[in-house]
Amino acid sequence: MKRSKAHRNLKNFIFWMLFPTFTIVAILTYYPTIKGILLAFEDYTVFTFQNIQFVGWQNFETIFSDPNFFIALWNTVWWIALSVAFQFVLGFALALLMRKPFRGRGVYAGIVFYPWALSGFALGILWSWLLNGQFGLINDILMKLHLIHHGIDFLSNPSYAFISVIAVNVWYGIPFFAIMILAALQSIPNSLYEAAEIDGAGSVSKFFNVTLPYIKPTVVSTLLLRVIWVMNFPDIIYGMTKGGPAGSTNILATYMINIVYFESDYSKASAVGLIIISILTAYALTYLKFTSSYELGEI
Amino acid sequence: MKVKILVVFSVLVIALFAMSFAANTVTLNMIQVFTSPQRTHVLETIIKEFEALHPNVHINLISPPYESAYQKVYLMLSTNQPLDIVEVGDWSLEGVVQLGKMENLEPYIAKWSGAKDLIPGLLKAVRVTGGKAYIIPNGVYAKALFYRPDILAKFGITQPPATMKELYNDCLKITNPTKNQYGFDFRGTGLPTNFIDIITTSYLNDIDPSNMYKLKNGKLWFKDPRALEGLKLYLNFYKNTAPKDSINWGFDAQVNAFVAGTTPFLFQDPDTTGLLNSMLKKGQYKTAPLPVGPSGKVYPSYGFGGWGIPNYSKHKELAWEFIKFFTTPMISAYFCKEYGALPVLKSVYEDDPYFSSGVFEGWKKMFSDPQKYVFTSYPLANPAWTRWTKYQQDTMQQALLGRITLDQLTTKWYNFWKKAFGM
């Protein structure tokens with residue numbers, strides 16, 4: 001009897017401790033999400049604020065009949081694949097290089113990880129000026145080194161523009177993987193390497209049989225997170241090109257922002273948002289299925 | 001002990017005094033949409049003057065970044081956030097009024113003697129929604145030709161071009177990519193509607209002054225062969241006289257290129273003078289009327305921004321006091337000189353020679369010849385307008401990049417407005 005009262009008190013205590021957090025999350029996350037989903041099926045524009053109608057799938061029909069949507073969708077695939085692949089490989093390499101202590105490692109790490117601390121949008125604007133075809137510092141340096149005679153149209157040639165925004169995103173995202181993987185690497189006990197050495201393992205064998213299996217949970221979870229973040233990361237593109245020229249650097253997220261800014265059609269933008277959420281949910285479920293929670297916990 | 005009591009008593013008196021002062025002070029919340037550091041400084045100076053005349057009034061100026069300013073305005077108005085004075089530009093006026101949160105200013109205007117001093121046609125231009133005025137303009141904008149005499153002199157060009165053909169030929173003469181010298185300060189992004197339309201429509205002599213996209217016979221002009229010629233010229237300006245990078249140029253990049261001398265011919269609004277005056281020496285730039293096309297005409301448009309009052313404001317009378325104060329000759333002249341807009345009051349043009357000479361010469365000449373320089377309105381009240389400017393920019397960029405032909409471009413535009421006008 002006494003035990004059940006204590007148990008009830010504990011349950012009450014836990015409930016009231018969690019209550020404020022759940023309330024805030026519900027107000028700030030779940031309510032806007034549900035409202036956003038409903039918005040996608042309404043006609044909510046600047047011109048219809050006073051007479052909002054339910055329009056069913058009309059917003060989705062409009063989006064699917066817009067060729068620019070499919071350009072943005074295809075760009076999103078490339079944007080994620082190339083950005084995450086290069087960020088991961090280069091971040092991994094950087095983490096391996098910084099694993100062993102050397103003089104000034106802390107300062108070096110600070111410099112390398114610095115971009116991660118800055119606003120993506122501000123960096124986008126900064127890079128748009130660095131890569132400016134007329135007045136850009138990078139073109140200026142290349143010309144002074146006599147490597148080129150005319151400025152390269154980094155951001156005005158659609159092909160170069162897309163490569164440029166991806167390159168900047170790779171540069172920006174390397175520290176994330178480097179930090180996460182470095183932390184995981186530093187947690188590997190030396191005894192494992194020593195045991196592997198006794199068994200006659202070389203560097204390559206140690207990497208594949210000790211390092212990689214040990215950090216696998218970190219790699220799996222960071223890749224999952226990073227794909228979601230990169231898909232929802234319009235900052236750099238918006239700062240550099242706003243999705244242009246002619247929509248050639250649009251990803252779904254910038255396509256959605258442009259609908260809000262230039263068309264003031266909040267319902268259509270919500271419909272794009274819903275499509276993004278659907279894609280990410282499908283991706284997360286598939287990804288988690290192939291990399292089961294058992295494997296995530298397995299060391 | 002006595003000292004302690006005295007200190008506590010003094011603090012209480014000061015606190016009570018401060019509280020009573022605060023209780024009597026009325027705070028007006030005011031939002032601007034064309035934010036820039038220079039403009040914010042000018043507005044703050046005017047606000048200080050107003051506050052000096054009204055000691056119990058404090059104005060809290062909200063200055064959101066230009067790019068997201070209207071989102072802020074929409075959000076504040078639709079959620080009834082404390083706001084007493086709101087700035088709205090012509091292109092967004094219909095959308096903001098449609099929120100149903102703006103005060104109809106007609107009863108205020110009826111009792112305002114200063115209304116008679118507004119330049120002719122301005123109130124008519126402001127009455128976009130249902131023939132009612134919801135803002136009082138604080139500045140007028142219209143494109144003119146800016147040019148750099150110092151750069152042009154090096155190429156033997158001593159007079160600004162009077163026609164589009166002359167402008168194109170001058171630009172061709174100057175352009176030398178190996179020396180990073182170009183002619184035309186092209187605008188590829190940042191909603192280049194005015195730039196495209198000024199050049200294209202200059203080939204037509206029968207544009208409806210009440211609708212930039214219709215002819216006087218009521219038809220759309222997009223499939224007219226003359227318009228196609230105008231668009232060809234626009235494309236040639238980009239291909240042959242402007243840097244390839246200018247497809248990405250908005251206002252900032254245009255001003256940079258003009259100041260650097262890379263492109264000495266620029267179409268811009270009078271607010272550019274405020275910036276140029278701080279970046280170039282006197283005489284380094286001048287303005288001239290927009291060049292006319294083969295039609296002998298050119299069709300600029302009036303742009304304007306202005307102050308309005310939310311209908312839920314608790315201080316409407318004070319807000320109106322501020323708007324009237326802003327529209328007095330002295331303040332209007334100060335604002336326009338510092339910021340660079342054209343004044344909204346007749347008396348400012350008559351009494352202040354600054355606005356009819358020097359860098360304002362281009363506009364003076366344009367205003368004096370309405371047959372040649374036909375000021376034309378955009379269909380701002382059409383719900384399609386908010387989509388049009390970005391759509392026009394994106395499709396134009398596709399044509400500039402050679403992804404679509406001019407014929408495909410004009411078909412897209414024709415279909416857009418045919419549907420929008422319900423034709």
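**Exercise 1. Is N80(B) buried or exposed, going by its C-beta neighbours inside 10 Å?**

Before we solve it, some ground rules. This is a predicted model, where local features need pLDDT of at least 70, side-chain atom pairs count only at pLDDT 80 or more, and totals for chains, interfaces and linings use all residues. Residues are numbered from 1 along each chain as its sequence is written, while chains are lettered from A and ligands numbered from 1 in the order in which they are written.

*Solution.*
- Step 1: get the cut-offs. A residue is buried if 20 or more other C-beta atoms lie within 10 Å of its own, exposed if 12 or fewer, and partly exposed in between, with C-beta atoms placed from the backbone.
- Step 2: count. N80(B) has 12 C-beta neighbours inside 10 Å, so N80(B) counts as exposed.
- Step 3: find its place. N80(B) sits in the loop between α3 (69–78) and β3 (85–89) of chain B. Helices (H or I, at least four residues) and strands (E, at least two) are DSSP runs, numbered from the N terminus.
- Step 4: check the backbone. The phi of N80(B) is near 55°, which is positive in a residue other than glycine. For background, most residues other than glycine have a negative phi.

**Exercise 2. Look at the loop between α10 and α11 of chain A and describe A246(A) and P245(A).**

*Solution.*
- Step 1: start with the peptide bond. G244(A) and P245(A) are joined by a cis peptide bond, with omega about -5°. P245(A) belongs to the loop between α10 (235–240) and α11 of chain A.
- Step 2: move on to A246(A), which lies in the loop between α10 and α11 of chain A. Its phi is positive, near 55°, and the residue is not glycine.
- Step 3: count neighbours. A246(A) has 25 other C-beta atoms within 10 Å, so A246(A) is buried.

**Exercise 3. Place S356(B) and list what it touches.**

*Solution.*
- Step 1: locate. S356(B) is in the loop between α15 (346–351) and α16 (361–367) of chain B.
- Step 2: classify. With 14 other C-beta atoms within 10 Å, S356(B) is partly exposed.
- Step 3: find contacts. Two residues are in contact if their C-beta atoms, placed from the backbone, lie within 7 Å. Leaving out residues up to four places away in sequence, S356(B) touches Y349(B) and K364(B).

**Exercise 4. Work out how α8(B) and α10(B) pack.**

*Solution.*
- Step 1: take the angle and distance. Helix α8 (residues 164–174) and helix α10 (residues 225–241) of chain B pack at about 15°, and their axes are 10 Å apart. Axes are lines fitted to C-alpha atoms, for helices over the stretch in contact, and angles run from 0 to 180 degrees between N-to-C directions.
- Step 2: name the arrangement. Angles under 35 degrees count as roughly parallel, over 145 as roughly antiparallel, 65 to 115 as roughly perpendicular and the rest as oblique. So α8(B) and α10(B) are roughly parallel to each other.
- Step 3: list the players. From α8(B) come M164(B), Y168(B), C171(B) and L172(B), and from α10(B) come L233(B), N236(B), F237(B), N240(B) and T241(B).
- Step 4: sort them. The contact has 6 nonpolar, 3 polar and no charged residues. Here Ala, Val, Leu, Ile, Met, Phe, Trp, Tyr, Cys and Pro count as nonpolar, Asp, Glu, Lys and Arg as charged, and the others, Gly among them, as polar.

**Exercise 5. Decide how the spread of each chain fits the globule rule.**

*Solution.*
- Step 1: know the rule. The radius of gyration is taken over C-alpha atoms, and the globule rule is 2.2 Å times the number of residues to the power 0.38.
- Step 2: do chain A. Chain A holds 13 helices and 0 strands. Its radius of gyration is 24 Å, well over the 19 Å the rule gives for 299 residues, so chain A is more spread out than a compact globule.
- Step 3: do chain B. Chain B has 18 helices and 10 strands. For 423 residues the rule gives near 22 Å, and the 24 Å of chain B agrees.
- Step 4: add burial. In chain A, 32% of the 299 residues count as buried; in chain B, 42% of the 423 residues do.
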